[in-house]
Amino acid sequence: MALCAKKRPPEEERRARANDREYNEKFQYASNCIKTSKYNILTFLPVNLFEQFQEVANTYFLFLLILQLIPQISSLSWFTTIVPLVLVLTITAVKDATDDYFRHKSDNQVNNRQSQVLINGILQQEQWMNVCVGDIIKLENNQFVAADLLLLSSSEPHGLCYIETAELDGETNMKVRQAIPITSELGDISKLAKFDGEVICEPPNNKLDKFSGTLYWKEDKFPLSNQNMLLRGCVLRNTEWCFGLVIFAGPDTKLMQNSGRTKFKRTSIDRLMNTLVLWIFGFLVCMGVILAIGNAIWEHEVGTRFQVYLPWDEAVDSAFFSGFLSFWSYIIILNTVVPISLYVRYVPSLPRGLSREPGGPIALFMKMKSLRSNLKSSSSCAVNIS
């Protein structure tokens, strides 16, 4: 999986030559391996703890635990804080580990899917993770598209094919894609093996409905658009077979560009809770300051008369310092104003019909975007009644 995380310099344009892996490898394009998981065995504990302590309440209780380890100011056992804190951290860590386990499982399942790749003039079964930019892939009916492909030819007349894009935009109706006329005749394996056209196009981006590029072949050039592309996550429908040239693979595909990096879930409720905890902590500090000032005044005015019966600790040499220590003691005693039980995070469930694959949530937003566009179009419609 190391290939999935390989960092590359930003591209200004994409160049892909068909059937020439040696030429394409010099550009160090990403492999078709995807990685949506956040952790591995070595990074899980430090990264997960770092994410959990971004919650203000968790940091607050860790701070209290440190205070309770100081005997001069602690009137409560550290056990009363560490048990609920460890319990909450453990429950959240188990939930995060379970989520990430299923991400790893999904990644392995997707990366090990089989695809027919034209290598040295022969169609060979290859895992998706081994597909490279510039490879020619054969797709059959009801198969998922392995990468972002330039449609070369199909079993339908005029190089047409039909795809379902539910994983991308949530729409289940068929969409039509068409190969450019010059390549639509390349339905034979021997012809495809000799195809050496080069595509120069835009760099990887997340625009699902736009594509701009040019195919250079036989000393001529042919413009390319989104109508000539099959995007990863689509499903070939009502078409016996088609051939496509890999333009973008793995993390460079538009599906993965929209998915982005898996991030720590932070909802509006989390942000509200952080704000409330900060306000409560401010109130707690104010109470601690008032009580500490009262303690210092009492020790200065009255407490000095009872030194025989209530002597100060060895480290305390003044009423001011006594008040300072009392401030932290009151912070510890009043710590229950922040209930730690509120901070066991939850995972919102996805709406029915949306996949948990990398592109699943994209469908929801694209559906909303499409609906908003349709509403705008409807609002500008006028009916002329004569």
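**Figure 1. A network of salt bridges links Glu13, Arg15, Arg17, Asp20 and Glu198.** This is a predicted model. One link in the network joins Arg17 to Glu198. Their closest N and O atoms are 3.6 Å apart. The pair connects distant parts of the chain. Arg17 sits in strand β1 (residues 14-17), and Glu198 sits in strand β8 (residues 198-201). In sequence, 181 residues separate them. How buried or exposed are the two partners? Arg17 is partly exposed, because its relative accessible area is 26%. Glu198 has a relative accessible area of 13%, so this residue is buried.

**Figure 2. Lys95 and Asp96 meet in a salt bridge.** Their side chains come to 2.9 Å, N to O. Both Lys95 and Asp96 are buried. The structure holds 15 salt bridges.

**Figure 3. Glu171 and Lys175 form a salt bridge.** The closest N and O atoms of this pair are 3.0 Å apart. Is Glu171 buried or exposed? Glu171 counts as buried, because its relative accessibility is 18%. Lys175 also has 18% relative accessibility, so this residue counts as buried too.

**Figure 4. Met174 lies in strand β7 (residues 174-178).** Met174 has a relative accessible area of 33%, so this residue is partly exposed. Which residues does Met174 touch, leaving aside those up to four places away in sequence? The answer is Ile163, Glu164, Arg237 and Asn238. Look for Cys161 as well. Met174 and Cys161 are 13 residues apart in sequence. From C-alpha to C-alpha, they are 9.7 Å apart in space.

**Figure 5. Six strands form an open sheet.** Follow the strands across. Their order is β3-β2-β4-β13-β5-β11, with antiparallel pairing. Which strands stand at the edges? They are β3 (122-127) and β11 (229-230). Each has a single partner strand, so one side of each is left without a neighbour in the sheet. In a regular strand, side chains alternate between the two faces of the sheet.

**Figure 6. Strand β4 pairs with β2 and with β13.** Strand β2 (residues 114-119) and β4 are antiparallel and share three bridges. Here Gln116 stands opposite Lys138 in β4. Next comes strand β13 (residues 241-248), which is joined to β4 by five bridges. This pairing is antiparallel. Glu140 has Trp241 in β13 as its bridge partner. Why is β4 described as largely enclosed by the rest of the structure? Strand β4 covers residues 136-140, and four of its five residues are buried, so the rest of the structure largely encloses this strand.

**Figure 7. Strand β5 (residues 148-154) pairs with β11.** Two bridges join these strands. They run antiparallel. Leu150 has Met229 in β11 as its bridge partner.

**Figure 8. Leu69, Trp78, Phe79 and Val83 make a nonpolar surface patch.** The patch covers about 420 Å². Where is Trp78? This residue lies in the loop between α3 (56-68) and α4 (79-111). Trp78 counts as partly exposed, because its relative accessibility is 42%.

**Figure 9. Three stretches carry the UniProt feature "transmembrane region".** The unreviewed UniProt entry places this feature at residues 76-94, 276-298 and 318-344. Over residues 76-94, the chain is 84% helix and 0% strand. The end C-alpha atoms of residues 76-94 are 29 Å apart. Over residues 276-298, the chain is 100% helix and 0% strand. There, the end C-alpha atoms are 33 Å apart.

**Figure 10. The whole protein has ten helices and 13 strands.** Step back from the close-ups. The chain counts 386 residues, and 41% of them are buried. The accessible surface comes to about 21900 Å². Carbon and sulfur atoms account for 60% of that surface. Now consider contacts between residues with a separation of 6 or more. Residues 24 or more positions apart account for 71% of these contacts.

Terms used
Residues numbered from 1 in each chain as written. Predicted model: local features only at pLDDT ≥ 70, side-chain atom pairs only at ≥ 80, totals over all residues. Heavy atoms only, no water. Patch = residues over 30% accessible without salt bridge, like charges linked within 9 Å, V, L, I, M, F, W, Y side chains within 5 Å. Areas by Shrake-Rupley, 256 points an atom, 1.4 Å probe, with all protein chains shown as cover. Salt bridge = Lys/Arg side-chain N within 4 Å of Asp/Glu carboxyl O. Buried < 20%, exposed > 50% of the residue type's maximum accessible area, 1.4 Å probe, protein only. Pairing = 2+ DSSP bridges. Contact = heavy atoms within 4.5 Å. UniProt positions renumbered as here; feature names shortened; annotations may be inferred.
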